[in-house]
Amino acid sequence: MADQKKISLARGAPSLDIVAVDDLRASADRAFERDPGGVFSYGTSKGYPRLVEWIARKQGVDEDQVIATNGSLQADDFLFRHLVEPGDVVVVEAPTYDRTLLGLKEMGAEILAIPLEEDGLDVEALAEALEGGARPKLAHVISNFQNPAGYTLSLDKRRRLLELAAEYDFVVFEDDPYVELRFEGEDVPTMLSLDENEKVVYASSFSKTVCPGIRVGYLVGPKGLIGDIRKKATNTYISPGMVAQAIVAEFCESGAIDRSIETVKEALRERRDTTCAALEEKLPDARFARPEGGYFLWVDLPDGDDVAKLAEAAEERGVVFTKGTDFMLEGGDASFRIAYSGVGPEEIQEAIGRIADARAELSG
Ligand SMILES: Cc1ncc(COP(=O)(O)O)c(C=O)c1O
């Protein structure tokens, strides 16, 4: 077993074969040629101007509502540090992105975890908590192809959440790095575009559509709030990386981004299909919802299955995945996340076969 090839279903990153290396190189050449003064010097904390313009156009907002950051996790962190004081209540989905949980815990937030359903956050459970006296400052919601579950928040729930945010005066933080990666079905409007009360702050990223190594993401929100965050960002790093942002600006303006998104979607659709078929064949009692896009799929094994032990046994067979408990404050012991983004269909099939073998061995 020890010499089996290692396969990771743990990393939410694209495999190298679907990164548009040639288009990135051409974008870098053009950016360096066209604007050496802007590319090679310090910028300002708003980000590389042409990228900020492109983002503002895409999101239908003013440029002073945008800050382009070094990856969207930095955008998340800026927002949390700006709004959240120790003891503040913050709503998260259960399960949610593990780094969100870690960041909020570190800040001393009081985390109110609301169950996630196949059509997104259980908004009525949140309404009940609000009626019962909960007063969150912020609700963090990954609206499309959620990390870790792959679920998407329905339009009705988006509207209801905005109503609640206006009524109870909290910010909806729409964390949306996977929005462009829909394989099928209809796009759902962002809460940013539906919001009429300046309650939404929106983040997205080029990590999942271009590559994570470029470290470019952004935050969009009300002018006053973005202005304050820009000031803090200046003290943090003067400006984000202009070289990376200028390359992304060229990549976007030239249309290379559209080709890249198509490449990623095509590969991931096939990987999603392979994952679902392999689960149906090898783990027929596992429950999962087929994601309509994105990088992830959430697997529930029957109650009583011990995924912590399964993870160890799978690792002995060279396969890693992420345990459900990593994404929750409590529960998740019989669940796990598969990231099908980072390896090809054959490896996915092989990995799920090994997980099934490990489980069969554990159950004797
Ligand atoms: C929901 C969510 N937000 C933020 C991030 C951070 O992405 P990045 O900093 O690479 O833009 C990720 C990455 O996996 C994510 O899944």
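This section describes two pockets and one helix of a predicted model.

The largest pocket holds about 570 Å³ of space. Its lining comprises 24 residues, and Gly12, Tyr97, Arg99, Asn147 and Lys208 are the closest to its centre. Two elements each give two or more residues to this lining: helix 4 (72-83) and helix 5 (98-106). Helix 4 gives the most, with 3 residues. By class, the lining of the largest pocket contains 9 nonpolar, 8 charged and 7 polar residues.

The second largest pocket has a volume of about 260 Å³. Here 13 residues form the lining. Nearest the centre of this pocket lie Lys58, Val179, Glu180, Asp187 and Thr190. Its lining divides into 5 charged, 5 nonpolar and 3 polar residues.

Helix 13 covers residues 345-362. What span should its 18 residues have at 1.5 Å a residue? The expected value is 26 Å, and the end C-alpha atoms are 26 Å apart, so the two agree. Several residues of helix 13 are buried: Ile348, Ala351, Ile352, Gly353, Arg354, Ile355, Ala356, Ala358 and Arg359. Two arginines, Arg354 and Arg359, are thus among the buried residues of this helix. The buried residues pack against three strands and two helices. The strands are strand 1 (7-8), strand 11 (319-320) and strand 13 (335-339). The helices are helix 11 (256-282) and helix 12 (307-316). Just after helix 13, Gly364 takes a positive phi of about 75°.

Conventions
Residues are numbered from 1 along each chain as its sequence is written. This is a predicted model: local features need pLDDT of at least 70, side-chain atom pairs count only at pLDDT 80 or more; totals for chains, interfaces and linings use all residues. Side-chain values use heavy atoms; hydrogens and water are left out. On a 1 Å grid over the protein atoms alone, a cavity is a set of points where a 1.4 Å probe fits but cannot get out, and a pocket is an open set with protein on both sides within 12 Å along at least five of seven lines; lining residues have an atom within 4 Å of a point. Grid points are joined across faces, edges and corners, and a volume is the space filled by probe spheres set on the points. Helices (H or I, at least four residues) and strands (E, at least two) are DSSP runs, numbered from the N terminus. Ala, Val, Leu, Ile, Met, Phe, Trp, Tyr, Cys and Pro count as nonpolar, Asp, Glu, Lys and Arg as charged, and the others, Gly among them, as polar. The expected span of a helix is 1.5 Å times one less than its number of residues. Buried means under 20% relative accessible area, exposed over 50%, partly exposed in between (1.4 Å probe, protein chains only). Contact means heavy atoms within 4.5 Å.
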